[in-house]
Amino acid sequence: MPGEKELNCNLFDQLSILERIEAVTDDEKALKQIAMERRQIERKLYQQPPLTQPLPPQQQ
């Protein structure tokens, strides 16, 4: 499993790609989709606990 730093780098790369696409499009549908994708990526990037931290066992 990749470490937190590697996961964060991948998420930042995804945000950079979205920014580059956003800069060259005027399509409203595309801009709405980009905004949704950005929110989902940012949610993963800043979530607590981090993506690399295992979840506690579920209680029955």
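**Notebook: a two-helix model**

I started with glutamine 48, which is exposed because its relative accessible area is 69%; my cut-offs are under 20% for buried, over 50% for exposed and partly exposed in between, with a 1.4 Å probe and protein chains only. Glutamine 48 sits in the segment after H2. I also checked its C-alpha atom against that of glycine 3: the two are 45 residues apart along the chain and 15 Å apart in space.

Ground rules for these notes: this is a predicted model, so local features need pLDDT of at least 70 and side-chain atom pairs count only at pLDDT 80 or more, while totals for chains, interfaces and linings use all residues. Residues are numbered from 1 along each chain as its sequence is written, and side-chain values use heavy atoms, with hydrogens and water left out.

**Whole chain**

I looked up the fold elements and got 2 helices and 0 strands for the protein chain. Its radius of gyration is 15 Å, well over the 10 Å that the globule rule gives for 60 residues, so the chain is more spread out than a compact globule. The radius is taken over C-alpha atoms, and the rule is 2.2 Å times the number of residues to the power 0.38. Helices (H or I, at least four residues) and strands (E, at least two) are DSSP runs, numbered from the N terminus.

Along the principal axes, the C-alpha atoms fill a box of roughly 50 × 25 × 15 Å. Buried residues come to 13% of the 60 in the chain. I get about 5300 Å² of exposed area, with carbon and sulfur atoms supplying 53% of it; areas are Shrake-Rupley with a 1.4 Å probe.

Next, contacts (heavy atoms within 4.5 Å). Of those between residues at least 6 apart in sequence, 59% join residues at least 24 apart.

**Between the helices**

I picked leucine 18 in helix H1. Leucine 18 counts as buried because its relative accessibility is 11%. Not counting residues up to four places away in sequence, leucine 18 touches Ile34, Glu37, Arg38 and Ile41. I noted 12 Å between the C-alpha atoms of leucine 18 and glutamate 42, which are 24 residues apart along the chain.

Arginine 38 came next, from helix H2 (residues 28-46). I had to look twice at this one: arginine 38 counts as buried, at 18% relative accessibility. With residues up to four places away set aside, arginine 38 touches Leu15, Leu18, Glu19 and Glu22. Its side chain also makes a polar contact with the side chain of glutamate 22, at 3.1 Å. For a polar contact I want a pair of N or O atoms within 3.5 Å; within protein, one must be able to donate a hydrogen and the other to accept it, and residues adjacent in sequence count only if both atoms are side-chain atoms.

**The loop**

Threonine 25 lies in the loop between helix H1 (4-24) and H2. Is threonine 25 buried or exposed? It is buried, with a relative accessible area of 18%. The side chain of threonine 25 reaches the backbone nitrogen of aspartate 27 at 3.2 Å. Leaving aside neighbours within four places in sequence, I find threonine 25 in contact with Ala30, Leu31 and Ile34.

**One more from H1**

I finished with serine 16, also found in helix H1. Serine 16 is partly exposed, at 29% relative accessible area. Its C-alpha atom and that of lysine 29 are separated by 19 Å, with the two residues 13 apart along the chain.
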